[in-house]
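User: Could you take me through one part of this structure slowly? I'd like a close look at a sheet and whatever packs on it, in plain words.

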Amino acid sequence: MVATPARTPAELALVARYPAERTSLPGTADVIAIRDAAFGGVEKSGLPHRRVEDWKYTDLRARLKTFPPAAGPADVARILIAAPAVEDDKARRLVIANGRYRPELSDLKDLEPGLSVFSLATALEAGDTLVLAALKLDDAVAANTAVALNTAFMTDGLVIAVADGAEIQRPVELVHIAEGEPAASTAVRHLVTVGKGARMTLIETIESLDTVAHHSNVMTVLEVGDGAKVDHIRLQLEPDEAVCMTSLVAKIGREASFDTFNAALGAGLARAQIFAEFTGRDARAGFRGVTMLNGRRHADTTLFLVHGAENCQSRELYKAVIDDEARSAFAGRIAVPAHAQKTDARMMTASLLLSEEAEADAKPELEIFADDVQCGHGATCGAIDDDLLFYLLSRGIPKAEAESMLILAFLGEAIDEIQNQAVHDALIHRVEGWLKARAA
Amino acid sequence: MLEIKNLHARIGDREILKGLSLTVKPGEVHAIMGPNGAGKSTLSYILAGKDDYEITEGEVLLNGQSILDLTPNERSVAGLFLAFQYPIEIPGVATMTFLKAALNSHRKAKGQDELTTPEFMKLVKGVAERLNITSDMLKRPVNVGFSGGEKKRAEIMQMALLQPSICILDETDSGLDIDALKVVSEGVNALRSPDRAFVVITHYQRLLDHIVPDIVHVLSDGRIVRTGGPELALDLEKNGYAAYVADAAA
């Protein structure tokens with residue numbers, strides 16, 4: 001007999017919420033069945049804890065104190081006057097407020113030929129067969145707790161399709177805003193399909209207008225068609241009180257080019273997951289990100305990459321800056337099946353610890369079954385280099401400013417890979433703000 | 001200008017400076033020569049404020065003010081400049097950003113306004129040109145990808161920009177070919193003035209052909225064991241340090 005541990009308050013809240021909400025969440029009976037299956041798994045196993053390998057450094061059972069109720073409708077007037085996280089006139093902003101797509105707040109003018117945008121909730125209500133098919137995930141992904149909770153509670157999201165060969169000039173920015181008090185939960189699912197040879201830049205920002213303990217769970221399922229080029233960048237800017245879990249599922253087609261960047265600047269508890277797979281040969285992908293932590297915040301980056309086809313190249317670079325008693329975790333697993341010859345994968349993670357109590361955990365894993373591959377991984381962890389600091393000080397630069405310069409330089413290696421100038425600048429601006437607050 | 005009085009310093013259990021005294025007056029150029037391990041680089045690091053060393057006795061005054069309790073950046077804005085033997089590479093920090101931060105820190109300490117970008121550019125370009133520092137070098141991160149000679153020229157450029165009152169040159173000749181040595185020396189000589197002094201630390205006499213010192217000291221085993229005029233350097237070049245090492249050991 002297996003002993004069932006007592007339910008935590010967060011688990012109790014989950015178990016109470018789902019039966020009450022399942023039929024009022026958008027979707028036909030088929031959708032409810034998918035939700036039930038997802039929730040059933042979570043209900044059975046409970047929240048994952050440190051003995052569950054994929055959650056070793058982020059013990060959700062211990063860290064998730066509550067699971068707040070579903071968010072109500074957002075106050076549109078407040079969102080209208082809020083300053084955008086990224087100042088970019090070119091970007092097409094599509095707003096998801098409190099878990100619901102708000103076309104009236106979104107820029108739908110003159111959609112480029114080949115670009116279609118519609119609401120996931122509407123598609124779920126209509127029982128759209130293509131959308132239902134797109135909800136189907138690989139078993140390991142579907143069983144992941146953050147993913148399963150997203151499936152169970154998703155209220156809306158965007159279904160975006162880019163036609164074969166279409167070049168979408170304007171970046172598409174998915175703006176997630178939580179608004180209102182008390183704290184509430186949101187679960188949003190986006191389904192993005194980029195056709196053969198098509199190009200697009202997809203930006204996601206996640207933020208709250210109120211400094212309360214919101215829970216946001218944002219999942220993006222992305223299909224990068226053969227020969228397509230997709231640049232995906234996410235800025236997670238939640239308040240320190242918040243919990244934010246993001247999942248990116250990416251299938252990368254033959255000869256495609258894909259980059260994803262995750263900036264984890266906010267949330268008290270953050271988990272950014274990537275489930276990526278090369279599904280066609282001769283493709284390339286870059287996975288990069290920066291994490292900035294202070295106080296007692298915790299951020300986790302977990303990457304599962306399957307080099308599932310021959311002659312694909314991947315580069316992974318994740319950098320974390322950790323101050324006070326904060327803690328960062330990185331787990332990166334690259335699997336190379338036997339047929340994926342000529343794989344070229346290089347994974348690097350580096351952590352800069354700014355205090356005695358700061359902690360960084362890094363767990364790179366390579367599972368290689370092919371014999372003609374180049375795979376490397378590296379992990380570094382350390383304090384600011386005293387010699388570099390002394391050199392700057394010796395030229396009259398005060399310590400706080402010198403440290404800020406070195407921290408920015410450390411992060412810059414990753415940030416400078418961002419191709420979109422507006423997002424790059426917005427991120428640098430945020431980083432500088434963080435450094436200024438630290439130096440004060 | 002610079003007064004070092006009976007300075008004792010150690011790193012761990014090892015005493016490196018054992019009662020070093022030196023007085024440098026405005027306008028003077030002092031050379032400190034000595035064998036390997038005499039404490040030359042330790043002296044330069046201690047003056048600049050590196051905290052790897054423990055000062056057990058003595059004091060250092062800059063323009064009458066004790067500097068041993070000052071942080072390295074406070075010493076810099078107080079007018080002390082160390083040209084490093086091995087200028088460090090700082091990937092990710094643009095040279096111009098670095099120079100601007102340094103210059104503005106000095107200006108701020110003097111109660112002056114920060115330079116505007118055009119003023120700053122003009123100033124740097126002027127100084128860089130005189131030291132054969134190309135705009136390509138200025139575009140790179142601090143010292144990254146610089147040759148040994150380029151690094152030393154970059155040090156002198158920083159010195160020229162910051163206009164210190166006392167300049168410590170730590171083995172500035174090491175790693176330089178004869179042409180680079182000339183450029184660096186000319187850069188230093190251009191900065192000589194009645195209200196600025198130099199302490200030139202070197203192992204070899206050849207630098208002193210180009211930067212002619214007023215006073216030459218021999219540093220051995222943590223102390224100044226002999227002081228003389230420029231002819232002392234020539235004597236050392238001919239006869240080596242053996243006599244001084246033996247003296248110190250005795």
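Analyst:
**The six-stranded sheet of chain B**

Chain B has an open sheet made of six strands, and reading across it the order is β6-β9-β10-β3-β11-β12, with mixed pairing. Keep in mind that this is a predicted model. As general background, strands of a sheet pair through backbone hydrogen bonds, either parallel or antiparallel.

Start at the edges. Those are β6 (80–83) and β12 (223–228) of chain B, and each of them pairs on one side only. If you go from strand to neighbouring strand, the average turn between them is 20 degrees, direction ignored.

Now zoom in on one pair. In chain B, β3 (residues 29–33) and β11 (residues 215–220) run parallel, and four bridges join them. If you want a spot to click on, try Ala31(B): across from it, in β11(B), stands Val216(B).

Next, what lies on the sheet? A helix, α6(B), packs there and touches β6 and β9 (166–170) of chain B. Compare directions and you get about 170 degrees between α6(B) and β6(B).

That helix has a helix partner too. To describe two packed helices, you give the angle between their axes and the distance between the axes. For α3(B) and α6(B), the angle is about 30 degrees and the axes are 10 Å apart. Angles under 35 degrees count as roughly parallel, so α3(B) is roughly parallel to α6(B). Their crossing is right-handed.

Which residues meet there? From α3(B) come Leu99(B), Ala102(B), Leu103(B) and His106(B), and from α6(B) come Gln158(B), Leu161(B) and Leu162(B). Sort the residues of this contact by class and you find five nonpolar, two polar and no charged.

These two helices also turn up where the chains meet. In that contact, 19 residues of chain B touch 17 residues of chain A. On the chain B side, the elements giving two or more residues are α2 (72–77), β7 (90–94), α3 (95–109) and α6 (148–162). So far we've seen α6(B) packing on the sheet, packing with α3(B), and giving residues to the side that touches chain A. By class, that side of chain B has eleven nonpolar, seven polar and one charged residues.

Technical notes:
Residues numbered from 1 in each chain as written. Chains lettered and ligands numbered in written order. Predicted model: local features only at pLDDT ≥ 70, side-chain atom pairs only at ≥ 80, totals over all residues. Contact = placed C-beta atoms within 7 Å. Nonpolar A, V, L, I, M, F, W, Y, C, P; charged D, E, K, R; others polar. Axes fitted to C-alpha atoms, helices over the stretch in contact; angles between N-to-C directions. Parallel < 35°, antiparallel > 145°, perpendicular 65-115°, else oblique. Left-handed = near helix turned anticlockwise from the far one by under 90°. Pairing = 2+ DSSP bridges.
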